[in-house]
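This report describes a sheet and the relation between two chains. The sequence and structure are shown first.

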There are 2 protein chains.
Amino acid sequence: MTRLLCIGGSDGGISAGLRARELDASVEVTVMLADAYPNFSICGIPYYVSGDVADWHDLAHRSRADLESLGIGLLTDTTARRIDVATHRVTATDAAGREQTVGYDRLVVATGAVPARPPIAGLERLGPTDGVHLLHTMGDTHAVMDSLTTRQPERAVIVGAGYIGLEMAEALAARGLAVTVLEALPHVLPTLDGPLGDLVAGELAAHDVEVHTATTVTAIAADGRGLTVHAAPTGSDPNAAPLELHAEIVLVVTGVRPDTTLARAAGLPVTQKGAIEVDRHMATGLPDVLAAGDCVVTHHVLLGETYLPLGTTAHKQGRIAGENALGGVRRFEGSLGTQVVKVFDLVAARTGIRDHEAVPAGYEPRTVAAAGDDHKAYYPGATTVHVRTTGDLTTGRLLGVQMVGSIGSAVHKRIDTAATAIYAGLGVDQLSDLDLSYTPPLGSPWDVLQAAAQRWSAVATPVGGDHHGSAARSRQG
Amino acid sequence: MTRLLCIGGSDGGISAGLRARELDASVEVTVMLADAYPNFSICGIPYYVSGDVADWHDLAHRSRADLESLGIGLLTDTTARRIDVATHRVTATDAAGREQTVGYDRLVVATGAVPARPPIAGLERLGPTDGVHLLHTMGDTHAVMDSLTTRQPERAVIVGAGYIGLEMAEALAARGLAVTVLEALPHVLPTLDGPLGDLVAGELAAHDVEVHTATTVTAIAADGRGLTVHAAPTGSDPNAAPLELHAEIVLVVTGVRPDTTLARAAGLPVTQKGAIEVDRHMATGLPDVLAAGDCVVTHHVLLGETYLPLGTTAHKQGRIAGENALGGVRRFEGSLGTQVVKVFDLVAARTGIRDHEAVPAGYEPRTVAAAGDDHKAYYPGATTVHVRTTGDLTTGRLLGVQMVGSIGSAVHKRIDTAATAIYAGLGVDQLSDLDLSYTPPLGSPWDVLQAAAQRWSAVATPVGGDHHGSAARSRQG
């Protein structure tokens with residue numbers, strides 16, 4: 001093994017290359033990427049748009065020079081066109097269309113994802129020059145910034161109230177635009193339960209972001225004066241009125257799908273959802289070809305095989321692919337879909353699964369709401385943390401936790417305790433056994449996560465009497 | 001079982017009573033306490049002294065009325081004098097010296113701890129009226145506040161640079177006093193490794209708190225003008241000079257020891273260190289007598305039986321004692337000595353054990369230092385989190401983590417992830433498998449805890465090749 005080639009210059013591909021070099025400095029690592037932006041932090045785009053990050057170069061996790069000093073050879077603006085598994089060669093074209101062929105001993109396919117294009121009339125004809133943007137790459141980012149500069153928009157419509165949609169709503173509001181967010185589902189941040197999504201919606205409203213949920217965008221039209229977005233109530237409520245919004249810039253951010261055109265052509269197996277099939281070791285089944293990141297299936301700790309593209313997961317999978325490309329046997333232990341988002345002064349986070357995800361997987365979930373102070377109320381500045389705890393009634397196992405709290409309430413790291421507990425297979429009841437830290441300015445003797453767990457145990461009626469540590473409760477009612 | 005009596009009105013006793021009532025509202029719960037302050041948050045005292053908490057009543061976790069509404073009968077200003085285990089009766093005296101006898105079906109002894117009195121010449125003769133204070137109870141607190149009001153001190157000396165010593169240093173500095181802290185050991189916050197203690201010392205110095213470490217207080221003397229504190233270098237350095245400090249108030253805060261006079265007289269077994277022997281179910285071995293909190297031994301997840309008085313532990317043990325008093329079988333799963341302290345704008349935290357604790361317990365520890373940003377550096381306000389990771393070279397198991405970072409860096413909840421991982425028996429290497437949350441304003445794709453774990457794995461050479469997930473590394477060097 002002397003040559004490792006990674007196709008894709010984002011988290012998966014770069015992590016694979018870095019790990020390989022860390023383990024064996026004699027390996028020749030090449031990362032091939034279609035654009036000029038290796039190792040950029042895509043999650044940071046909203047903060048460049050908002051102005052928090054002044055220079056887009058700073059969004060790079062590592063500069064080109066950093067990467068090269070770590071032994072990563074870069075082929076930028078180079079699009080992989082064909083993988084020849086039999087001969088261990090990848091054919092690619094550069095920006096000028098010139099073809100080149102790169103040989104490898106091991107290959108990591110990390111082609112990532114592409115933005116979903118929802119079925120919106122007009123979307124296929126409109127693009128950045130009209131002020132209509134998808135947003136996934138640094139190229140997309142430059143196009144958005146160009147629209148903001150040249151069009152000087154006063155009104156923005158964002159289609160999709162997921163993580164990126166809400167972050168971009170905050171970013172554009174910070175630039176002084178009047179922002180409207182449209183979400184087809186009944187609540188913003190649909191990856192959280194409705195009551196928590198509604199708290200986030202309240203925060204958006206408090207910052208003058210207009211939100212329409214249960215509203216499906218049907219068409220976008222451009223004329224000389226700007227853009228018109230047509231939307232209709234999701235579903236078939238005959239009394240609900242359609243909506244017509246005017247804006248100078250429209251962002252369509254409704255999720256992604258795996259980018260696997262190259263992989264399919266090479267014969268790599270893909271799932272129904274289009275993600276590359278990999279095993280827990282990130283092997284594809286084809287000789288010497290591994291894959292990682294947003295283009296592959298995700299092993300979920302509680303759900304098994306799914307598709308759940310996240311930067312953190314791509315880093316892990318890439319690192320494992322890099323290790324195993326060198327003969328390692330490291331296993332991807334699985335995602336919990338842990339996510340966090342800052343929306344103005346609120347932070348919303350989740351880990352694990354919710355009822356509607358748990359039921360099809362064979363669990364008997366019960367979700368219990370609770371709320372408590374982030375720290376002792378007598379110390380100034382205490383705020384409320386809202387928690388939803390999901391446990392399995394049959395086994396008592398902790399399945400998921402969702403939280404919303406103020407930006408100072410450490411919700412982002414409190415969720416990590418829950419993620420660690422789920423990873424370790426702990427029961428809801430066992431959260432009370434955890435020796436968590438306490439000082440009055442920063443916490444409570446029972447962390448709000450533990451108080452929420454105790455609430456769950458008090459409310460949720462176990463089916464069996466087999467919960468860890470709950471024998472006394474079962475017996476005593 | 002109809003009558004539960006708890007001796008002690010702090011975390012252990014109150015938690016026991018509350019849990020019993022939660023499980024069975026027919027139980028008659030009485031909490032007997034020697035002072036008038038049931039369920040007070042002793043950890044909050046520094047924030048009352050600093051002025052952050054204006055009214056000392058607010059330091060109560062629950063008011064007297066709250067407790068009574070939850071079914072807790074309170075016998076305040078009532079000192080238990082004798083437990084008669086055979087007849088299930090406790091004899092007590094009230095403030096006027098009147099004796100009364102209270103019967104019980106189950107008893108929870110939660111008499112807590114008393115402040116240690118270090119061997120300082122003069123300390124036995126001096127007290128609050130001289131401006132010399134121990135600090136452990138609300139009564140002590142009122143005495144300190146009285147000294148601050150009546151003596152109007154300009155200079156304070158604090159003996160002991162542990163958690164309470166440093167919190168009080170901050171509190172008195174906030175009141176405008178010139179504060180000097182004396183610590184017999186070589187670093188402040190001796191429960192952390194020296195390099196982290198030194199960061200805390202730097203924070204104290206930056207806020208004009210004078211610190212002398214490796215300095216043992218030998219005598220305190222009072223005269224008409226104030227107090228003189230005499231100290232000498234700890235150990236026997238012949239070149240080190242003795243120290244003489246003048247102040248109007250002196251706090252001696254050098255730890256606590258279990259308060260078990262009552263328990264011993266009743267025949268409860270105590271350890272060499274003087275703590276009541278209890279099993280994992282908080283049973284004392286005497287019929288119908290349980291014990292919890294700062295007066296009992298602490299089961300430590302990694303060390304077994306030890307003595308480690310902490311409010312969080314007292315809450316847990318009390319809750320378990322209350323449950324088991326009603327026939328439950330809940331087990332105390334153990335402490336990890338998780339602690340956190342805010343010192344001005346820094347937060348220092350630890351969980352698990354350090355090298356010098358691990359070696360006598362049979363581990364082969366290695367501690368590796370690392371540092372990283374609390375969130376992506378491109379987003380404004382990133383600060384450095386310093387981490388020391390301790391793992392067992394033989395098994396790869398995570399044994400301990402220590403952290404110091406700015407108050408906004410969520411060190412207090414990052415340590416909880418480590419505490420959860422140690423509780424679950426995870427290896428250092430497994431920290432990289434955890435699906436922790438990430439968004440650029442609040443974190444990194446690899447949390448600093450994970451980056452520190454990767455540093456540990458890269459640096460620490462395993463004795464065997466048996467680390468979880470490290471097969472590839474062992475093979476590839």
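What is the order of the five strands in the open sheet of chain A? The order is E9-E16-E10-E11-E12, with parallel pairing. The model is predicted: local features need pLDDT of at least 70, side-chain atom pairs count only at pLDDT 80 or more, and totals for chains, interfaces and linings use all residues. Residues are numbered from 1 along each chain as its sequence is written, while chains are lettered from A and ligands numbered from 1 in the order in which they are written.

Strands (E, at least two residues) and helices (H or I, at least four) are DSSP runs numbered from the N terminus; two strands pair if DSSP finds at least two bridges between them.

| Element of chain A | Residues |
|---|---|
| Edge strand E9 | 132-134 |
| Edge strand E12 | 210-212 |
| Strand E10 | 155-159 |
| Strand E11 | 178-182 |
| Strand E16 | 249-252 |
| Helix H4 | 138-151 |

Each edge strand pairs on one side only. Neighbouring strands of this sheet are turned by 20° against each other on average, direction ignored (axes are lines fitted to C-alpha atoms, for helices over the stretch in contact; angles run from 0 to 180 degrees between N-to-C directions). E10 and E11 of chain A pair in the parallel sense over five bridges, and Val157(A) has Thr180(A) in E11(A) as its bridge partner. Helix H4 of chain A packs on the sheet, touching E9 and E16 (contact: C-beta atoms, placed from the backbone, within 7 Å); its direction makes about 160° with that of E9(A).

A turn of 180° and a shift of 0.0 Å along the axis lay chain B on chain A with an RMSD of 0.0 Å (least squares on C-alpha atoms of residues with pLDDT of at least 70 in both copies). That is the relation of a two-fold axis. In chain B, the C-alpha nearest the axis belongs to Thr417(B), 2.4 Å from it. The same surface serves both copies, since 99% of the contact residues of chain B recur in chain A.

Definitions and conventions
Two residues are in contact if their C-beta atoms, placed from the backbone, lie within 7 Å.
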